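User: I'd like a close look at the enclosed empty space in this one, and at what lines it. Start with the smaller void, then work outwards to whatever sits around it.

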Amino acid sequence: MNQTYINELKNHIGEAVTLKGWLYNSRSSGKLVFLQLRDGTGIVQCVVFKGNSEEVFEKAKALGQESALIVHGSVKEDTRSSIGVEVDVKDIEVLQNATDYPITPKEHGTEFLMDNRHLWIRSKKQNAVLKVRHTVVKATRDFFDNNGFILADTPIFTPAACEGTTTLFEVDYFEDDKAYLTQSGQLYNEATAASLGRSYCFGPVFRAEKSKTRRHLTEFWMVEPEMTYAHLDDVMTLGEGLINFIVERVLNDRQEELKILERDVSKLETIPQNKFPRVHYDEAVKLLQEGFANGELENNFEWGSDFGAPDETYISAQFNQPVFVHHFPAVIKAFYFERDKERPELALGADLLAPEGYGEIIGGGERATNLEFLEKQITEHNLPRESFEWYLDLRRFGSVPHAGFGMGVERATAWMCGIEHVRETIPFPRMLYRLKP
Ligand code: 4AD
Ligand code: MG
């Protein structure tokens, strides 16, 4: 393939190259046309000089935004350019001249951009977010692969709920049968971990969340490690390792993109190799109550409730770095949590709250090992017993302490990018009021 990619141009100064891409933007002034050409790897300015060829000059002037082009030219050093080069155009092949591209360089509303998401992803910032997401995913896989975890994918069609019945998507599954789209691979992970020792799954999960917040999607990607012969502390240590690894990788590999996103990287640079504070739920409640007394929080937090977004933001702001909160009241948690021996009203769960208001990015804990306890939990949570028989087998045959967590890729990516809403961190977001494009 005769093509040089834009991100490699700086190695080809003085050479003739062929670029293949799309017209991002253009302007002309008298005898020159400046074409901003993009090819996925970057954007480069291509200069067409009327004096070189009148025909090429006229062709360049007539091109609409997002026209598909092959550009032949030579690479010139240019210190004013962010990529250090520009291209002197010799000839242009027009594969398609596009007219009236709907997303112009002016400002557009979010709804409009979301309706045109299939085109919006071509813009500079969206392209940068997708690359950061790629690095978050790659770093996540590398972290687990390098630390003895085996990838074992879990099913998407499932017969029962993992994270409570209120957020289940139901689908018809042949004759009179119902299936649910998985909310989490955890229950199956517990089975694969009993085979492999340490396993992880990584895939899309679904939540019929009626929440319209900047942190919620109805379809999102979750990585879930599960470890046998492990406890609550191991969950926090593993989560800390993962986040440190991801932040370091993103800072290393995505400098260009973080610049495009105008990310204040000083907020991330303090993180790698850090130990994150581990705060007991009781302590977190005290902090929140102080926050209310100081007038920094609007509502007084009561012991036994679940954190709202302002609570999470407040807690993490007290530490200015990611914070684990652990030992939640069992009543606000799923059925499968192991209980604290001294205080059985507490679940051995831990959530990691990201700084800068990004909220919970990791949720997990230690799983209950006792058969009778789980049987009781299933009944109390009104879960269909027959769908959980296989899960109970894991306690009948070789039950051991085990623990794990889930990290949401979109929340982690939004935090890395420093962007407001998770909807921009996945190519095609699914939300309460959005199923297209
Ligand atoms: O805390 P959650 O619900 O935990 C579980 O599903 C466990 N079964 C995981 C496990 O232990 N294997 O979800 C885990 C993470 C959250 O911390 C958050 O990052 C993300 O998944 N998450 C969402 N991301 C986007 N939109 C939503 N609606 C999300 N719900 C959870
Ligand atoms: Mg959670």
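Analyst:
## Inside the voids

The lining of the second largest cavity splits into three nonpolar, two polar and four charged residues. Bear in mind that this is a predicted model. The cavity's volume is about 50 Å³, and its wall is made of Arg-214, Arg-215, Gly-357, Tyr-358, Arg-411, Ala-414, Glu-420, His-421 and Val-422. In general terms, such empty space shows up when a probe the size of a water molecule is rolled over the atoms.

How many cavities of 30 Å³ or more does the structure hold? Two, so the other one deserves a visit as well. The largest cavity encloses about 80 Å³. It is lined by 13 residues, and those nearest its centre are Thr-158, Ala-160, Ala-161, Leu-187 and Tyr-188. The makeup here is eight nonpolar and five polar residues, with no charged ones. Compare that with the four charged residues around the second largest cavity.

Thr-158 also takes us into a sheet, as strand S7 covers 157–158. That sheet is open and antiparallel, with three strands in the order S7-S9-S8. S7 and strand S8 (169–172) are the edge strands, each pairing on one side only. S7 is held to strand S9 (residues 178–181) by two bridges, and the two strands run antiparallel. In one of these pairings, Phe-157 has Leu-181 in S9 as its bridge partner.

Now back to Arg-411, which is in the wall of the second largest cavity. Where else does Arg-411 turn up? It is among the residues nearest the centre of the second largest pocket, along with Glu-163, Arg-207, Glu-209 and Glu-360. This pocket holds about 1,100 Å³ of space and has 40 lining residues, which break down into 14 nonpolar, 13 polar and 13 charged. Several elements feed that lining with at least two residues each: strand S11 (219–228), helix H10 (309–317), strand S15 (359–366), strand S16 (402–408) and helix H13 (409–417). S15 gives the largest share, five residues.

A few backbone details sit along the chain beside those elements. Most residues other than glycine have a negative phi, and most peptide bonds are trans. Tyr-229 departs from the first habit, with a positive phi near 50 degrees; its place is in the loop between S11 and helix H6 (232–253). The peptide bond from Lys-436 to Pro-437 departs from the second, being cis with omega near 0 degrees. Pro-437 is found in the segment after H13.

H10 has an aromatic story on its doorstep. The rings of Tyr-281 and Phe-301 have centres 6.4 Å apart and planes at 65 degrees, so they count as edge-to-face. Tyr-281 is in helix H9 (residues 281–293) and Phe-301 in the loop between H9 and H10, so this pair links parts of the chain 20 residues apart. The total is 20 aromatic pairs, counting ring centres within 6.5 Å.

For contrast with the open sheet, have a look at the closed barrel: five strands running S1-S2-S3-S5-S4, with mixed pairing. Neighbouring strands there are turned by 55 degrees against each other on average, direction ignored. Strand S3 (residues 43–49) and strand S5 (residues 85–96) are a parallel pair with two bridges, and Val-47 stands opposite Asp-88 in S5. Helix H1 (residues 54–61) lies across strand S1 (16–29), strand S2 (32–38), S3 and S5, at about 75 degrees to S5.

Terms used: Residues are numbered from 1 along each chain as its sequence is written. Chains are lettered from A and ligands numbered from 1 in the order in which they are written. This is a predicted model: local features need pLDDT of at least 70, side-chain atom pairs count only at pLDDT 80 or more; totals for chains, interfaces and linings use all residues. Side-chain values use heavy atoms; hydrogens and water are left out. On a 1 Å grid over the protein atoms alone, a cavity is a set of points where a 1.4 Å probe fits but cannot get out, and a pocket is an open set with protein on both sides within 12 Å along at least five of seven lines; lining residues have an atom within 4 Å of a point. Grid points are joined across faces, edges and corners, and a volume is the space filled by probe spheres set on the points. Helices (H or I, at least four residues) and strands (E, at least two) are DSSP runs, numbered from the N terminus. Ala, Val, Leu, Ile, Met, Phe, Trp, Tyr, Cys and Pro count as nonpolar, Asp, Glu, Lys and Arg as charged, and the others, Gly among them, as polar. Two strands pair if DSSP finds at least two bridges between them. Axes are lines fitted to C-alpha atoms, for helices over the stretch in contact, and angles run from 0 to 180 degrees between N-to-C directions. Contact means heavy atoms within 4.5 Å. Rings of Phe, Tyr and Trp (its six-membered ring) pair if their centres lie within 6.5 Å; planes under 30 degrees apart count as stacked, over 60 as edge-to-face and the rest as tilted.
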